[in-house]
Amino acid sequence: MDAEGSAVSGEASGDRRGRCGGMRAAVFILGFQAFQVIVLAAVGSNLITYVFGELHLSLPQAANVVTNFVGTVFLVSLLGGFLSDSYLGCFRTLLIFSVVEISGLILLSVQARLAKVKSAPCNMVTMVGSCERATGFKLTIFFVALYLVALGSGCVMPNMTKYGADQLSGAAENTKRLSTYFNSSYFSTCIGELVALTAVVWVQTHSGMDVGFGVAAAAMAAGLISLVSGAVFYQNKPPQGSIFTPIARVFVAAFAKRKQICPSSSQSPVSAGAGDPAPIDRDFHHANKFRFLDKACIRGAQQEPNAEPESAWRLCTVAEVQQAKTLLAVLPMFACTIVFNTALAQLQTFSVQQGSAMDTQLLPGSSFRIPPASLQAIPYAVLLALVPAYEFLLVPLMRRLTGTQRGITPLQRVGVGLFVVALSMAAAAAVERRRRDVSVAGGRLSVLWLVPQFLVFGVSEMFTNVGIMEFFYGQASAGMQAFLMALFYCSFSFGFYLSSVLVSLVNMATARRGRRGWLGDNDLDKDRLDLFYWMLTVLSVINFFCYLLCARWYNSGAQGSDSAASSGAADGDGKDIV
């Protein structure tokens, strides 16, 4: 059965709505999401170990390979959101790019298995063995496979989140459950991360990366089966056409009429005497921002009765102007999450290498050793308890305290997360200083010392990521929901790319008198990773205060808030976000 062919649009009949969508449909998508997270976490979490230990790239190069890969995954999400909103719809986009992702995983498994396309064994720290760096055909196969995974995963991620939320859109009683759905989505993510960072990483460590990549391919196939199994239950929204063309028309029309006088009232984007009034949505709370775009709605001078109407590139609809204003208004929120994701990049790169330089015994005298990449599972294990506690304990309490349906608005939630991430980086810096001192003295610190930084970051991630996802979905108008969800994932991309840039800049800035920079050596005992973490702590604090300013600006001049905008009459929140 063609799920897109049975799409239910906003004008669908009432009986069809009753049979499609809801949590019954969303459960299949949550299952698909869990498997997708398993795949991405399984590839990304141990990738630095594979690139460093098997392909023999230097530690800074290996860290940049990981951050560039993850950055590309989330940057490509813009393409996935665009294709879904404009042409393919969510279901077809998920099907097509899931297959692309599986093909990349299979090729990665083959590359890791065959001796002809991988490097000879070598210890990169002691330089014992043939430590020749992989080049040419070997490296080409690896990057082709890796970026097939990036393309597939990037196009899948924004659509799986948006598609699940679509199943709860339409009816008022479902709209109230959107916040619960986003919490459930994060809970599903936690399950996927936990499985990947324990079971799959254990397989990679003990059976080889070739088997690990094969397991990831099997997990993606299982997710595809879960997605297809729910096809008869899905409520599908048809694509709306390109979202970029209307937005481009707004800027072109506003520029063409730049000499026109803006209306005195922000509620009416029409110059007095310029033509017939073009009404605007009175609930749109960005009407008093970006007033120059209102000129795109100003009609030209009185035309002859038989004259042709103005071109769409010179006269835009109010809805198109609102869409452009919405996109501009959410960009500062997007920008404030970039530093947060730069901190995340460290936990997937240097923190894993920290674990490799520590005592990985679980208990003294125990034969069981913790794979360093599995340390990333710690926050997700704790969050499996914290997410339900947030939903069933904290939210009801906050509802009573604030008098609002949501208890805590999405932007308030993001603010909490951005504050907490600074504490995570401070903990990482303190632990690394302690680890380095003990190691230089000839000892080995227990790997369990890394638990606090992972745990605190997990709490930060719960607040920040769920809050910004819910915020973006709520602000999006019809036809741009997948794109704004892609913007959320794109923040990861910029965060990981910023991490790569910072590593390079810090090395250049701190290298002096023939000595390497803070992160210029393959041996962490000779590096100053602790100082790099302190720098990120300072950046996180600065970013938090910038966010407070941006959030206040976002809410300025509005009668409601992000809460009101995203939940509308169903919630009725009228509280400010900060």
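Start by selecting Tyr489: here helix H17 bends by about 25 degrees. Keep in mind as you look around that this is a predicted model.

Now widen the selection to residues 481-510, the whole of helix H17. How far apart are its end C-alpha atoms? They are 43 Å apart, and this agrees with the 44 Å that 30 residues should span, because each residue is taken to add 1.5 Å. Next, show the surface around the helix. Is H17 mostly covered or uncovered? It is mostly covered, with 22 of its 30 residues buried.

Zoom out and colour the protein by secondary structure. You will find 19 helices and two strands. Of the 578 residues, 56% count as buried. If you display contacts between residues at least 6 apart in sequence, 81% of them join residues at least 24 apart.

Switch on the surface for the full protein. Its accessible area comes to about 23100 Å², and carbon and sulfur atoms account for 63% of that.

For the next stop, select Trp202, Leu362, Leu363, Phe368 and Leu448. Together these residues form a nonpolar patch on the surface, with about 470 Å² of accessible area.

Finish by centring on one member of that patch, Leu448. Where does Leu448 sit? Look in the loop that runs between helix H15 (410-440) and helix H16 (451-475). Its relative accessibility is 36%, so Leu448 counts as partly exposed: that class lies between buried, under 20%, and exposed, over 50%.

Technical notes:
Residues numbered from 1 in each chain as written. Predicted model: local features only at pLDDT ≥ 70, side-chain atom pairs only at ≥ 80, totals over all residues. Heavy atoms only, no water. Helix = DSSP H or I, 4+ residues; strand = E, 2+ residues; numbered from the N terminus. Expected span 1.5 Å × (residues − 1). Bend = angle between axes of the 7 residues up to and from the residue. Buried < 20%, exposed > 50% of the residue type's maximum accessible area, 1.4 Å probe, protein only. Contact = heavy atoms within 4.5 Å. Areas by Shrake-Rupley, 256 points an atom, 1.4 Å probe, with all protein chains shown as cover. Patch = residues over 30% accessible without salt bridge, like charges linked within 9 Å, V, L, I, M, F, W, Y side chains within 5 Å. Salt bridge = Lys/Arg side-chain N within 4 Å of Asp/Glu carboxyl O.
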